[in-house]
Amino acid sequence: MKRTLSLGIEGSANKIGVGVVDQSGTVLSNVRETYITPPGTGFLPRETAIHHSQHVLQVVQRAMHDAAVTPADIDIISYTKGPGMGGRSLSAAPENPVVLYVSGGNTQVIAYADHRYRIFGETIDIAVGNCLDRVARLLDISNDPAPGYNIEQKAKKGKCYIRLPYTVKGMDMSFTGILSYIEQLVHHPQFTDPGVCEVSKKRRKAAPSLASTPVPPGETFNTDDICFSLQETIFAMLVEVTERAMSQIKASDVLIRYCIDNGCMIAYAGLLQYLSGSFTTMAEATITQRFRTDEVYGPYVDEEPPPRGDDIVAGLYNILAKRNPKTMKACRGIRIPDTVVFEHNFPRGWYTTDMKAKEVVRKQGKDLDANTIEHGFTQDLCDGSPIAATYLCTTEQTTDDGETEVNTLVEVFTRDTLAAFLARKVKPDGILQKFILPKGYQNSVIKVVWSPRVCMVQRRTNKYRIFDRKRAERDPFSITVTYDGPTFLSDEGSVSGNIAIEVKQLCGNIVQHFYYTEHKYITRMVLYFKGDQRDRLWLLWCGSLRVSDRNTPSEMPVNLITNFGEPSMADNAFDEEELLRSADEAYLRLTNDEMFYETYMKRMGCRGAAYSEAAAQGDKPSSSSADGQQEGRASSGAAADAFDWSGLPSLAVETRDRILLEKKSMCCLFEDLFYHARNHFLTRRAEPYNMEIPTDAADALTENGVVDLMRTLRLPAKVQESTASAPMCYVIDSVSRQPLTQLADKAQVWIQTYFDTKLRRLQQAVLAFAGDEDALRSDVMEL
């Protein structure tokens, strides 16, 4: 069995590394070259790029020489797409993985779930490695072999501990305070390394003097003591965050590994991606300077079932804020009011809408303290209504029957009560959301139940006036709740057609964004929207979410379908499945949604319904009913298989074999043609695709047959000079009226029907054979 070899190239920092690994994970070579700058200086991108370009070919040659391979042996080339630097990593035992990812470009607490690394917490300013590098430059510490290594050696000599700023906020950390404090330490009178102070003065302005004494009067400290204090403080912060993460997942062991920038880790990551069926074409091989850990999709790890949930699905906010890898933008068209997600008594993320960029953004780190949240939620309060925010959370209660019941609780806050809530030490997991003033005098919320086949839009309106200050201050709950409160406090109503259309469009945007970021399909969701005084729709929260993989049957409840008028029972009986299929066909004609066709129509056997209209207009080469066409094709195939070809003239048997071979080759040929069309639109979406029909296809199908096939597919011929050698060429427009998958399926149906018809004509000629081989040969020649 041939080995699959991957060559990885890592050059995102000051090291250029190349490694070669095989599919078993064996490292065949791992070579690197480091760019080292003089003490007190860092490495700039331009000089680093020059260094890498000068050494990369030599490093590649050395790596291939050490691995004893040639360029022809390499199957995959892997590279670093986004910036990042190697470093120490602490992680829990493999049975319960949580990773403290510490490097020059990242400091994050992460865990793997659902094909991605999810971020528990991270640095809110600079990474640990960046902090160490900058301290090394400040203290004039050598960069050879690495600043962090030399700081560690000096720390071993340190004896005096200096209290440095210690900043841990929940699961997030800050290191700029440490750096600023050390800048002041090197100018302190008790510091005994004057050479370092002179270097610091040359590099920047003198920092303000310290108000406190870092060490007792009469004592001194030096560079070794600063390195010792720096190492102790930073690692104490990292250990605290790691222990907190371990307590959340109930882990008891910690695994310590060391990793530095190298090519073999890139090679193996790329090999896993390739073996899972995912790869990057040369046209898509780009780099990005904004590449977060949780944006990387890892399809090569077996995982839990697809995520799902009811009540408050807070995870949807994070998905909407992620950037679509195709457009590099968040979910389009979605507005979210200021929403803070609380987990384990701490704010984990603040989601809001950037009105200028028109996209959902996520705040974190220093923005998640109580004062900042209170100011953000109360700064624009309307004078007529004191309502500031609502808090929705889920609680579990055990019933008398011993079953667990999940309830959603709602709290409504004014300016005064919001501060008291934020000061609470214990908060149930939930979302704090800024109150949006509704259009009109009563609070009103729109509920949307979406599935691939139906979108139901309803409205509930509170009975009391939102601007009743006395009632708002006495009982804010009663004047704000709709779906999230008792039914007697609100009335059910309908929405206008314009709002219904806009809501359905927003749901479509969410479904498409979810697919491109999570690589899964939404099969059902329940969303709550609200219109403001300027008629803008805001997404409040998600009450239910069901997703599935491509090949997993949809679990959507069919009883959600409403407003279907029953047909007259006089001529034919009520057929619910026929109504659903007709609805799917109408939706496909309006949207040309390829994902909808591939997932919900083709897989559920409804493909034929989409062809009925075209067949009725004479575009199909067989019956007007797609179901009848499939049945006819199946019956003709069965008849061909059941036909007894033994004892017949060799001419008939040879002709049958030729027809079957042409049928198989033409199906494969057009499958490849549409595959190339799909690849074309992945890289050049705005350009039409010219489908050239090979000469052997024109010979097998005849030119008239090709014209008939393209007429069935509704593909226009390309306008070109007519020459004897020019191949037939047809154009697939970039904005096609039909999904490519549907076009490919239509072509397969047409080709199979075409050759099945030939087989039936051959059978008829054989049955009419009376010993006249010349007549049989004449009939066969027409086939």
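This report describes the nonpolar cores, one helix pair and the cysteines of a predicted model.

Local features require pLDDT of at least 70 and side-chain atom pairs pLDDT 80 or more, whereas totals for chains, interfaces and linings use all residues. Residues are numbered from 1 along each chain as its sequence is written, and side-chain values use heavy atoms, without hydrogens and water.

A nonpolar core is a set of buried Ala, Val, Leu, Ile, Met, Phe, Trp, Tyr and Cys residues joined through side-chain atoms within 4.5 Å; buried means under 20% relative accessible area with a 1.4 Å probe, protein chains only. The largest such core comprises 56 residues, and I334, I510, I522, M525 and L527 have the most contacts inside it. Among the elements supplying at least two residues each are α13 (497-518), β22 (521-531) and β23 (537-548), helices and strands being DSSP runs (H or I, at least four residues; E, at least two) numbered from the N terminus. Another core, of 41 residues, lies apart from it and includes C667, F670, L709 and L776.

The axes of α3 (residues 147-155) and α6 (residues 223-249) come within 7 Å and cross at roughly 110°; the two helices are therefore roughly perpendicular (65 to 115 degrees). Residues in contact (heavy atoms within 4.5 Å) include I151 of α3 and F228 of α6.

With a disulfide defined as a pair of cysteine sulfur atoms within 2.5 Å, the count is zero. Two cysteines whose closest cysteine sulfur is too far for a bond are tabulated below.

| Cysteine | Closest cysteine sulfur | Relative accessibility |
|---|---|---|
| C455 | C507, 4.6 Å | 17%, buried |
| C542 | C507, 9.8 Å | 3%, buried |

Technical notes
Buried means under 20% relative accessible area, exposed over 50%, partly exposed in between (1.4 Å probe, protein chains only). Axes are lines fitted to C-alpha atoms, for helices over the stretch in contact, and angles run from 0 to 180 degrees between N-to-C directions. Angles under 35 degrees count as roughly parallel, over 145 as roughly antiparallel, 65 to 115 as roughly perpendicular and the rest as oblique.
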